[in-house]
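Q: Can you walk me through this model? I'd like to start with the pockets and then look at some strands.

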Amino acid sequence: MAAPRTASPRRPPELRRPRLLPLPPPLLLLLLLPLSAPNPGLGHSAELAFAVEPNDDIAVPGQPIVLGCKVEGTPPVQVSWRKNGAELPEGTHSILLANGSLLIPHFRLEQGSGPSDEGDYECVAQNRFGLLVSRKVRIQAATMSDFHVHPQATVGEEGGVARFQCQIHGLPKPLITWEKNSIPVDTDDERYTLLPKGVLQITGLRAEDSGVFHCVASNIASVRVSHGARLTVSGSGSGAYKEPTILVGPENLTLTVHQTAVLECVATGNPRPIVSWSRLDGRPIGVEGIQVLGTGNLIISDVTVQHSGVYVCAANRPGTRVRRTAQGRLVVQAPAEFVQHPQSISRPAGTTAMFTCQAQGEPPPHVTWLKNGQVLGPGGHVRLKNNNSTLSISGVGPEDEAIYQCVAENIAGSSQASARLTVLWAEGLPGPPRNVRAVSVSSTEVRVSWSEPLAHTKEIIGYVLHIRKAADSPKLEYQEAVSKSTFQHLVRDLEPSTAYSFYIKAYTPRGASLASVPTLASTLGEAPAPPPLSVRLLGSSSLQLLWKPWPRLAQHNGGFKLFYRPASSASFTGPILLPGTVSSYNLSQLDSSTVYEVKLLAYNQHGDGNATVRFVSLKGASERTGIVIGIHIGVTCIVFCVLFLLFGQRGRVLLCKDVENRLSPPQGPRSQRDPGILSLNGVSLGEGGQLGRHEKHVDAKELEQLFPATGSAGQPGSRPTDLATSVPCGETQVSTVQLQGFNLVPGRTTEAKPPFADPGSAPESQDVGLLSEGQATQPPAVPASL
């Protein structure tokens with residue numbers, strides 16, 4: 001194999017380009033000055049704008065390079081340059097031309113301690129209205145690497161196909177040509193196909209195609225020649241049938257719009273297969289800008305985003321359906337470009353200014369905003385919405401006058417557009433209100449006070465107070481109007497233990513004043529609200545209390561306190577302290593013949609909240625058990641009666657009577673049994689058992705049911721009731737007993753009397769729910785606020 005060469009005297013004539021010779025800086029300046037506009041020419045347009053922006057470029061080390069920039073706007077206009085985000089000082093190495101372009105007479109690469117001229121450059125223009133920055137461009141040095149893929153020796157049959165490939169990296173992208181036996185390949189021969197990516201295809205091989213092939217790569221930096229690769233063409237093929245085969249299919253490509261896509265497809269077989277192309281998604285490839293190079297390579301010139309997709313190469317045996325396929329994906333990127341530019345606007349002081357810009361590209365571009373060349377982020381009175389496509393500035397003032405730029409950028413490129421904000425300041429407008437103070441009054445109220453502006457107060461028609469939570473974004477701000485003769489305002493309906501921000505503006509018929517200095521105030525804390533409470537009967541001597549957990553209590557050093565007592569007792573058992581994450585508690589070993597009072601409250605660092613009170617009776621549990629036993633007795637009797645019908649009526653009657661005598665419980669008057677779980681609905685007991693002045697009277701029958709007097713079955717109002725009705729065994733009738741459920745109807749809550757040192761001694765308004773047998777309600781929702 002021949003050694004690689006760095007230069008070759010056998011370059012094709014079209015590649016022999018004259019090299020740029022270094023010129024003395026004074027002579028170079030003379031050549032460039034006619035291209036520049038004189039200083040007085042700057043400023044034909046009132047708006048500051050770029051007539052020419054720099055572009056990405058590749059420089060030859062040691063050679064000059066010019067970065068173009070031309071600015072229009074109201075004079076005087078100052079032009080400067082940034083490199084990698086830092087101000088580029090003007091000196092002998094880089095020269096600012098009269099039209100704003102930048103000249104680098106001798107482009108340098110980094111060598112030792114010397115700096116490199118490679119980097120990202122921006123042209124900066126400024127006048128009295130603001131500052132403007134051009135799009136960012138990258139300047140790189142021209143380079144040429146060694147070949148990392150050399151062509152390989154190939155043996156082919158006459159009439160067959162041969163393929164050579166080489167790969168090399170360089171800036172700019174090297175131009176690839178081929179030589180055979182040190183003579184440029186004749187590209188007019190249709191059997192020779194040269195692809196831009198460095199591939200040489202030879203179809204219909206002949207004996208005279210044998211020889212040594214070299215790949216030649218050239219750009220402005222250098223020329224390189226690859227190793228030689230020999231092609232040997234053997235005698236004619238056997239003529240036997242060969243299945244169609246794709247030797248090389250299309251590669252995945254990523255290109256930018258307006259470039260040329262080359263999709264390679266090399267197929268062999270006997271007879272020669274027919275190569276065709278299609279898209280995997282079924283869309284037509286089209287005909288405009290489409291051509292086939294060689295025997296099957298697809299060329300798409302001036303690609304667009306619509307050309308992106310998966311392309312399928314198929315090799316078909318003529319006259320049959322035998323085919324082989326290969327596929328590759330083409331991705332076309334498009335640099336960012338604007339479909340809507342921001343427009344310069346004028347706004348009165350104190351109003352809102354809004355700029356909108358919309359950009360498109362592939363992939364979708366990212367939008368950022370600049371204010372006088374500095375990145376502008378959301379915060380304060382600046383808001384960005386709709387994926388940064390809308391810039392909103394509320395309460396504009398003189399400090400907001402500037403040039404605002406929308407910069408859209410993606411991997412394929414960037415673009416910028418600008419607009420200017422002018423703040424109109426009417427003569428005689430008042431200054432900002434002074435001495436703004438905010439003082440917390442309660443857990444939901446803050447009083448804001450201020451002094452009127454120093455000057456121009458006669459035209460004030462009112463004030464507007466701006467309010468928002470200190471932790472919220474400015475877009476959640478709301479306003480309240482205040483009379484011009486009022487210098488304080490009570491802000492209500494705030495949240496407890498929350499910090500708020502306040503500022504105020506004075507308004508006149510000609511506009512608003514500047515905003516006052518913002519001030520902060522936090523509302524006072526408060527005890528939590530009463531927790532909703534429901535009760536579930538677990539047995540004749542136990543209850544389950546239910547409520548929803550309240551995790552926020554734990555964040556405020558809080559939880560729940562539970563108290564209970566027999567209704568006739570003067571003192572409560574408790575408090576039972578429970579964490580805020582608990583949602584139930586069981587009370588056991590209770591007296592089934594007693595009515596209990598249960599009280600639940602929530603507390604935090606601000607104290608105890610109001611309590612929820614429930615009266616509960618356990619007297620229904622035993623009756624429910626008796627009803628179940630009676631039902632079981634009746635069912636057992638019926639079963640035995642049916643079974644013994646087979647053995648005769650006499651034996652059946654004797655057996656049924658015997659079973660009834662053994663299983664039936666002694667019958668007694670209802671007054672000696674539990675009348676069911678009852679409670680008093682809407683009763684408020686005051687101190688000493690008296691009714692509260694503002695509460696409704698209690699029905700005597702309700703009290704008699706809730707607190708039945710102990711006595712014999714013969715007392716008035718008592719009557720015996722069977723738990724189950726005996727049925728003769730010979731009949732098929734069965735008596736049924738309807739079971740009722742338990743249901744708790746919530747009542748009102750009472751104010752807490754903390755601390756609960758002696759809960760029974762203090763008068764307390766109590767609301768009582770009605771609990772029906774067998775149904776337990778789910779606890780209601782817990783309020784979100786503490």
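A: First, a term: helices (H or I, at least four residues) and strands (E, at least two) are DSSP runs, numbered from the N terminus. This is a predicted model, where local features need pLDDT of at least 70, side-chain atom pairs count only at pLDDT 80 or more, and totals for chains, interfaces and linings use all residues. Residues are numbered from 1 along each chain as its sequence is written, and side-chain values use heavy atoms, with hydrogens and water left out.

Q: What volume does the second largest pocket have?
A: About 720 Å³. A pocket is, on a 1 Å grid over the protein atoms alone, an open set of points where a 1.4 Å probe fits, with protein on both sides within 12 Å along at least five of seven lines; lining residues have an atom within 4 Å of a point. The volume is the space filled by probe spheres set on the points, which are joined across faces, edges and corners.

Q: Which residues are closest to its centre?
A: Arg135, Lys136, Val137, Glu409 and Ser414, out of 30 that line the second largest pocket.

Q: Which strands supply at least two residues of that lining?
A: E2, E9, E11, E35 (366-371), E39 (402-410) and E40 (413-424).

Q: And how does the lining divide by class?
A: Nine nonpolar, 12 polar and nine charged. Ala, Val, Leu, Ile, Met, Phe, Trp, Tyr, Cys and Pro count as nonpolar, Asp, Glu, Lys and Arg as charged, and the others, Gly among them, as polar.

Q: Back to E11. Which of its side chains are buried?
A: Val137, Ile139 and Ala141, which point to one face of E11 (residues 137-141). Arg138 and Gln140 point to the other face and are not buried. Buried means under 20% relative accessible area (1.4 Å probe, protein chains only).

Q: What does E11 pair with?
A: E2 (residues 57-59) runs parallel to E11, joined by three bridges. E9 (residues 119-127) pairs with E11 in the antiparallel sense, also over three bridges. Two strands pair if DSSP finds at least two bridges between them.

Q: Which residues face each other there?
A: Isoleucine 58 has glutamine 140 of E11 as its bridge partner. Aspartate 120 stands opposite arginine 138 in E11.

Q: New topic. What is the strand order in the open sheet of three strands?
A: E3-E8-E7, with antiparallel pairing. E3 (65-67) and E7 (95-96) each have a single partner strand, so one side of each is left without a neighbour in the sheet.

Q: How many bridges join E7 to E8?
A: Two, and isoleucine 95 stands opposite leucine 103 in E8.

Terms used:
Buried < 20%, exposed > 50% of the residue type's maximum accessible area, 1.4 Å probe, protein only.
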